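Q: Could you walk me through the labels people put on this structure? I'd like each value set against its definition.

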Amino acid sequence: MAADKKYDLLIKGGHVIDPKNGVNGKSDVAVANGKIAGVASRIDPAEAAKVIDVPGLYVTPGLVDIHAHVYHTKEPGGLSIVADHHMFRSGVTAVADTGTSGANHFLHFKNTVIDKSRVRIFAFVNVVKSGMIGPFEHDIREMDAELAAATVLAYPDVCVGIKTAHYWTSEPFDELHPPWLSVDRAIEASEICGKPVMVDFFPRPERTYPELLRKMRPGDIHTHVFAQQFPVLDEKKKPQKFLFDAAERGIVFDLGHGSASFWYRNAIRCFENGFYPHSISTDLHIGNINGPVFSMLTTMSKMLAIGMELEDVIRKSTVAPAEEIGHPEIGSLSPGSDADIAVLRCGTGRFGFWDCARTKMVGTSRLTCAMTVRNGEIVYDEDGHHLPHWAETDEAR
Ligand SMILES: [Zn+2]
């Protein structure tokens with residue numbers, strides 16, 4: 001930082017939405033030494049080494065996507081994306097990989113991806129020790145609760161919980177494939193390590209949806225809530241009472257859009273009747289990044305299109321998911337926290353958005369990313385906000 005300046009960076013004149021701190025209005029955001037130094041209606045630009053004017057743009061905490069796949073697993077069939085290629089351009093500064101790795105490959109994941117990425121990466125460790133994706137996900141010998149929990153306990157700053165997914169969705173159950181095996185082992189692991197389970201689930205007559213919600217404990221996260229396979233609507237197409245009861249009990253409902261897990265026919269009817277997800281996440285992987293998911297901001301724009309208020313969309317993409325994964329130190333612009341910031345455009349017009357049923361709707365707002373700041377550093381700036389105009393520079397430089 002220039003020795004005579006109080007701040008390294010001042011993001012000036014934007015509309016700040018910081019739900020954790022109750023800020024929703026025109027404000028300036030100052031950054032010093034990689035931390036948020038202050039948010040106020042006017043901060044003197046003379047005190048900052050670099051001033052970026054962002055009138056007409058929204059300034060929010062860096063987005064937090066708690067369901068994505070960012071580890072090119074050692075198992076064949078991996079579908080992950082490279083976090084640094086995709087996250088900053090969507091305003092995402094923290095992402096949780098959900099079970100791509102189990103205990104077997106966690107250290108490889110940490111060494112080759114987590115520790116080398118600029119975006120902050122957390123992990124839900126798969127209760128299946130080989131992780132995803134393959135026949136081992138259905139193998140009783142692979143589900144080692146103690147090993148999964150030991151991995152989480154060994155890396156408590158990075159590991160945020162246990163993941164269960166993809167277990168025995170259509171074949172008949174037998175002694176080697178009891179209906180609840182994967183969920184029960186995941187809960188066992190969670191009880192040992194003291195961190196929540198994220199559940200990806202496929203109901204069947206032998207393991208019903210209401211039973212699943214009863215098994216889950218407060219703080220456990222049900223991802224893919226609006227997937228086709230979940231009977232979230234009653235015969236009148238209203239959200240089931242058991243959903244509200246589960247939310248009341250502390251079960252967390254997460255969007256987890258994915259290739260097959262966000263259906264307007266379920267989501268819109270839930271929204272219309274007061275049942276919303278607690279957090280918005282993408283489940284991004286190479287199978288859906290070119291549709292129907294595209295990005296965190298497209299997913300958030302869909303929430304706007306189906307009637308969620310912008311402040312709520314930001315809350316459910318920042319502070320809410322941060323708290324769900326036990327990291328309340330991120331997801332806000334609180335002074336002293338790491339300066340992770342998203343500067344967003346909210347375009348108006350007619351925009352098409354499609355879901356996993358391959359149906360679409362038209363919305364009037366679309367969020368896109370103008371700039372992303374991670375630890376006080378500008379890591380994405382499509383409009384060149386931080387650069388001088390070419391005609392105003394010294395041509396000899
Ligand atoms: Zn997933």
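A: Sure, starting with the interface: domain 1 and domain 2 bury about 2,000 Å² between them, and 65% of that is on carbon and sulfur atoms. Buried area here is the accessible area (1.4 Å probe) that two parts lose on being put together, summed over both. Bear in mind that this is a predicted model, where local features need pLDDT of at least 70 and side-chain atom pairs count only at pLDDT 80 or more, while totals for chains, interfaces and linings use all residues. Numbering runs from 1 along each chain as its sequence is written, and side-chain values use heavy atoms, with hydrogens and water left out.

Q: Which residues of domain 1 lose the most area to domain 2?
A: Pro19, Leu367 and Arg374 do, and together they make up 30% of what that side buries.

Q: What makes up domain 1 and domain 2?
A: Domain 1 is 7-61 + 337-352 + 363-381, and domain 2 is 63-324. Those bounds come from an automatic or database domain assignment. The contact takes 24 residues from domain 1 and 22 from domain 2, with contact meaning heavy atoms within 4.5 Å.

Q: What makes Arg118 and Glu377 a salt bridge?
A: The rule asks for a side-chain nitrogen of Lys or Arg within 4 Å of a carboxyl oxygen of Asp or Glu. Arg118 and Glu377 have N to O at 2.6 Å, so the pair qualifies. Across the interface of domain 1 and domain 2, the rule finds three salt bridges.

Q: Which strands supply the side of domain 1 that touches domain 2?
A: β5 (58-61), β13 (341-354), β14 (360-374) and β15 (377-381) each give at least two residues. β14 gives the most, with nine residues. Strands (E, at least two residues) and helices (H or I, at least four) are DSSP runs, numbered from the N terminus.

Q: Why is Ser182 called buried?
A: Buried means under 20% relative accessible area, exposed over 50%, and partly exposed in between (1.4 Å probe, protein chains only). Ser182 comes in at 3%, so it counts as buried. Ser182 lies in helix α4 (residues 181-193). Leaving aside neighbours within four places in sequence, Ser182 is in contact with Val127, Met143, Thr164, Ala165 and Tyr167.

Q: How do you know whether Thr299 is buried or exposed?
A: Its relative accessibility is 0%, so Thr299 is buried. Thr299 sits in helix α8 (residues 296-305). Not counting residues up to four places away in sequence, Thr299 touches Leu255, His257, Ile280, Ser281, Thr282 and Val293.

Q: What makes His224 and Lys237 worth flagging by phi?
A: Most residues other than glycine have a negative phi, and most peptide bonds are trans. His224 isn't a glycine, yet has a positive phi of about 65°. Lys237, also not a glycine, has a positive phi of about 65° too. His224 is in the loop between β11 (221-222) and α6 (241-248), and Lys237 is in the loop between β11 and α6 as well.

Q: Why do His224 and Lys237 get their accessibility labels?
A: His224 has a relative accessible area of 3%, so it's buried. Lys237 is at 46%, so it counts as partly exposed.

Q: Which peptide bonds are called cis, and what is omega there?
A: One joins Met132 and Ile133, with omega about -10°. Another runs from Gly291 to Pro292, with omega near 5°. Ile133 is in the loop between β8 (120-126) and α3 (145-154), and Pro292 is in the loop between α7 (264-272) and α8.
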